[in-house]
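Please open the model in the viewer and set the display to a cartoon representation. The tour proceeds by selection, from the whole chain to individual elements.

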Amino acid sequence: MEEPRHPVSGIDYPGTFQEFEEFFSSERACLDYIAKIRWHKAFICPSCGFNTQKPSLMGRGLFLCRECKRQTSVTAGTLFHRTHKPLRTWFLAMWFVTSQKHGASALGLQRVLGLGSYNTAWTWLHKLRRAMVRPGRDQLTGAVEVDETYVGGLGSKIRGRGARHKTITAIATEVRGRGPGRIRMAIIPDVSGPSLRAFIFNNIQERSEIRTDAWTGYRGIDTMGYKHVVKNLSESGDPAHVVMPRVHRVVALFDRWWLGIHQGAIRPAHLDYYLDEFTFRFNRRSSKARGLLFYRLMQQAVDCVPVPRRAIVGGKQGA
Ligand SMILES: [Zn+2]
């Protein structure tokens, strides 16, 4: 047997559509794969925290806890919880979404899966986008550019009047050489100090160097354990994209992306999902193998609900 593609988890994943079909030829194969991703170290009972490396599989995707006798469904607490559609259809949707360079539209997904309704395809896409954001994911580190913009407004600033009715997005971009590293994007209610500081606190590791312009909303972040470097636009006389080149580039790419696939038809209420999808793709843009994106999304779909984790922490889990 060949080496598994993922060296850390030891879990293999399909690299081509032909391999995908071989991997997931049946519902049982899909269930086994979810179980492998979820419990690749050990089966942990969400009810009592008992863990074992030799779980008893009862069929129909149910595992029996030898300690408390509770049965746990492989899909409980995952994205696939209580789905009425075959898992294989879900896997196919995930393959389709991750193998399209620029992402998938609901119409495209509906066609590929032969789903009866556009609404189902749309709902699926939104569920998958939600899975793209990993709870407790790593924070940005090192030097980080932070700025805010009216997304969809081609990077226009919205600090003055008229800002009230726009959807404002905060963006943080790691500095990696001359280009951007990883990014975070989030909708913020306004450009006030509390909103900007909350965004920074949630997304950037302490002791990082934060580069911003001289906007008053950024004052005080040096008291939060960060190094604050203010790039003063008026002093340098440079346009914003020269002073904050990486953030500016990310915003331009985002605007082009959603204008391209979605024709700009995003309601503000759904913008956060698109920010998540864009961030997921952007942060993995160097993953050459599409299969790795599929694997990442699968991992996140399997542990996207935090509830069982709380039970595990409270239980008698091993080291
Ligand atoms: Zn148990």
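The stops below begin with the whole chain and then turn to one sheet and the helices that lie across it.

**Whole chain.** Select everything first. This is a predicted model. The chain contains 12 helices and 10 strands. Of its 319 residues, 34% count as buried. Among contacts between residues at least 6 apart in sequence, 56% join residues at least 24 apart.

**The sheet.** Next, select strands 6 to 10. These five strands form an open sheet with mixed pairing, and their order is 8-7-6-9-10. Which strands stand at the edges? They are strand 8 (179-188) and strand 10 (227-230); each has a single partner strand, so one side of each is left without a neighbour in the sheet. From one strand to the next, the twist averages 25°.

**An edge pair.** Restrict the selection to residues 168-176, which are strand 7, together with strand 8. The two strands pair in the antiparallel sense, over eight bridges. For one of the bridge partners, display Thr169 and look across to Ile187 in strand 8.

**Helix 6.** Add residues 193-203, which make up helix 6. Which strands does helix 6 lie across? The helix crosses strand 6 (143-150), strand 7, strand 8 and strand 9 (209-212), and runs at about 130° to strand 8.

**Helix 10.** Finally, add residues 271-283, the extent of helix 10. Helix 10 lies across strand 7 and strand 8. Relative to strand 8, helix 10 runs at about 170°.

Technical notes
Residues are numbered from 1 along each chain as its sequence is written. This is a predicted model: local features need pLDDT of at least 70, side-chain atom pairs count only at pLDDT 80 or more; totals for chains, interfaces and linings use all residues. Helices (H or I, at least four residues) and strands (E, at least two) are DSSP runs, numbered from the N terminus. A residue is buried if 20 or more other C-beta atoms lie within 10 Å of its own, exposed if 12 or fewer, and partly exposed in between; C-beta atoms are placed from the backbone. Two residues are in contact if their C-beta atoms, placed from the backbone, lie within 7 Å. Two strands pair if DSSP finds at least two bridges between them. Axes are lines fitted to C-alpha atoms, for helices over the stretch in contact, and angles run from 0 to 180 degrees between N-to-C directions.
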